[in-house]
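Here is a quick tour of one model, with the sequence and coordinates shown just below. Keep the viewer open and follow along.

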Amino acid sequence: MDSHSADMVEFGPRTHVLVTGGAGFLGSALVDLLLARHCSVTVIDDLSNGLLSNLPVGDPRLTVRAFRVGDPAFNAAVRDEVGQADAVFHLASPIGVQRAHKERFAVTSGILESGCSIVEACRLHRRPLLYTSSSEVYGSGRDRPITESDPVMTDIRPRWGYAAAKAAVEHLVAGLLFDFGIPAWIVRPFNMAGPRQRSATGLVLPVFVNAALRGEALV
Ligand SMILES: NC(=O)c1ccc[n+]([C@@H]2O[C@H](COP(=O)([O-])OP(=O)(O)OC[C@H]3O[C@@H](n4cnc5c(N)ncnc54)[C@H](O)[C@@H]3O)[C@@H](O)[C@H]2O)c1
C-alpha cells in the first residue's frame, strides 16, 4: 500500500511500540532492532511457539505480556496496549505448513481471531499497523515465477487455510488504510531462516539443517 510513507512513524526514544508474537523468531529480532533504536516495547506473546529466552527480559524498556491475542478474555487488554502504543507490529500467528495440514481449524481461527482483535483495536485508537502476512498467499508458484500481481490462493485443501486466513486479514488491514485513513502496511515474507528459528513446526529450512546435522536424508 503506497498512499502513505513509512516515515510517518519515527522510531526513537519517545516511541512506544507493541509487537505481537515478539517472543518468536522474527518478532524477537524486531524487538532487538527497536530497543537498539531506544524505543520502549511491549510484547504480547502466548508462548505457544515463542520463548522468553529470546527476549532481553529485565530490560526496563521491555514489557512482556503472556496471553493469546484473539482470546475474547483479553480483547480489552489488547485494546489498552494498542492505545498506549505509537505503532503496532502484528506478528503473532500459528505457523508452519505441517501444522496447517494437521490442525486446519486451530491455524485458520488463530490467524483470523488475532487479526480481528488487533485490527479492531488499531481502528478504535487510529494506530499505525504493520501486518505480517505470508508468501503462502501466492499459492504454490509451481508453474512460473511468482509476481506481486498474482491472484491469492483460495483453494479448500488443508494447506491453504493458513494462506486464506492471512489473505482475509490483509483485507481488514487494507480497510484500515483505505476506509479509515489509518497508516497500515502488509508484508508477505518468504521462507526466512536464522537464529532462534525452531524446527518443531516443520519449517523447511530448520528441518533440512537439523536432518543434515544428524546425517539423515533431507525429506
Ligand atoms: N519465518 C518465516 O519464514 C515466515 C514466512 C512467512 C510469514 N511469516 C509470518 O511472520 C510472523 C512471525 O513468524 P515467525 O517465523 O517468527 O514465527 P514464530 O512462531 O517464531 O513467532 C510467532 C509468535 O507468535 C506467538 N503466537 C502465536 N499465536 C499467538 C496469539 N494468538 N497470541 C499471542 N502470541 C501468539 C508464538 O508463541 C510465537 O512466539 C508470523 O505471522 C508468520 O506467519 C513468517
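## Around the ligand

In this predicted model, 28 residues surround the ligand, and the ones that come nearest are L26, D45, N49, Y162 and M192. Backbone atoms supply some polar contacts too. G24 puts a backbone N or O atom 3.2 Å from a ligand oxygen, while D46 has a backbone N or O atom 3.1 Å from a ligand nitrogen. S93 joins in with a polar backbone atom 3.5 Å from a nitrogen atom of the ligand.

How much of the ligand's accessible area does the protein cover? On its own the ligand has 810 Å² of accessible area, and the protein covers 95% of that. As for which elements give two or more residues to the shell around the ligand, those are helices α1 (25-36) and α5 (160-180).

## The loop between β2 and β3

Now for the stretch between β2 (40-44) and β3 (62-65), which is where you'll find L52. L47 lies in the loop between β2 and β3 as well. Together with V57, L47 and L52 make a nonpolar surface patch of about 250 Å². L52 counts as partly exposed because its relative accessibility is 43%, and L47 gets the partly exposed label with a relative accessible area of 32%. To place L52 against another part of the chain, try L112: the two are 60 residues apart in sequence, and their C-alpha atoms are separated by 25 Å.

L47 is also worth a look for its backbone. Its phi is near 60°, a positive value in a residue that isn't glycine.

## Another positive phi

Some background helps here: most residues other than glycine have a negative phi. R196, which is not a glycine, has a positive phi of about 80°. Look for R196 in the loop between β6 and α6. With a relative accessible area of 34%, R196 is partly exposed.

## Salt bridges

How many salt bridges does the structure hold? The count is nine. As a reminder, side chains of opposite charge can pair when their charged atoms come close.

Take E170 and R188, whose side chains meet in a salt bridge at 2.7 Å, N to O. E170 sits in helix α5 and R188 in the loop between β6 (184-187) and α6 (204-213), so this pair ties together parts that are 18 residues apart in sequence. The two partners differ in cover: E170 is buried, with a relative accessible area of 8%, whereas R188 is partly exposed at 22%.

Two more of these pairs are easy to pick out. E103 bridges to R99, with the closest N and O atoms 3.2 Å apart. Here E103 is partly exposed at 35% relative accessibility, and R99 is partly exposed with a relative accessible area of 27%. Then there's E216 with R214, again a salt bridge, at 3.2 Å from N to O. E216 is partly exposed, at 42% relative accessible area, but R214 counts as exposed, at 55%.

## Cysteines without partners

There are zero disulfides in the structure. C39 is in none, and the nearest cysteine sulfur to it belongs to C122, 16 Å away. Is C39 buried or exposed? Its relative accessibility is 0%, so C39 counts as buried.

Why does C122 have no bond to C116? The sulfur of C116 is the closest cysteine sulfur to that of C122, but at 12 Å it is too far for a bond; a disulfide needs the two sulfur atoms within 2.5 Å. C122 is buried as well, with a relative accessible area of 0%.

## R79 and H125

One last stop: R79, in helix α2 (residues 75-84). R79 is partly exposed, with a relative accessible area of 35%. How far apart are R79 and H125 in sequence, and how far in space? Along the chain they are 46 residues apart, and in space they are 8.0 Å apart, C-alpha to C-alpha.

Technical notes. Residues are numbered from 1 along each chain as its sequence is written. This is a predicted model: local features need pLDDT of at least 70, side-chain atom pairs count only at pLDDT 80 or more; totals for chains, interfaces and linings use all residues. Side-chain values use heavy atoms; hydrogens and water are left out. Patches are made of residues with over 30% relative accessible area and no salt bridge: like charges are joined within 9 Å, nonpolar side chains (Val, Leu, Ile, Met, Phe, Trp, Tyr) within 5 Å. Accessible areas come from the Shrake-Rupley method with a 1.4 Å probe; for residues, only the protein chains shown count as cover. A salt bridge is a side-chain nitrogen of Lys or Arg within 4 Å of a carboxyl oxygen of Asp or Glu. Helices (H or I, at least four residues) and strands (E, at least two) are DSSP runs, numbered from the N terminus. Buried means under 20% relative accessible area, exposed over 50%, partly exposed in between (1.4 Å probe, protein chains only). A residue is near a molecule or strand if one of its heavy atoms lies within 4 Å of it. A polar contact is a pair of N or O atoms within 3.5 Å; within protein, one must be able to donate a hydrogen and the other to accept it, and residues adjacent in sequence count only if both atoms are side-chain atoms.
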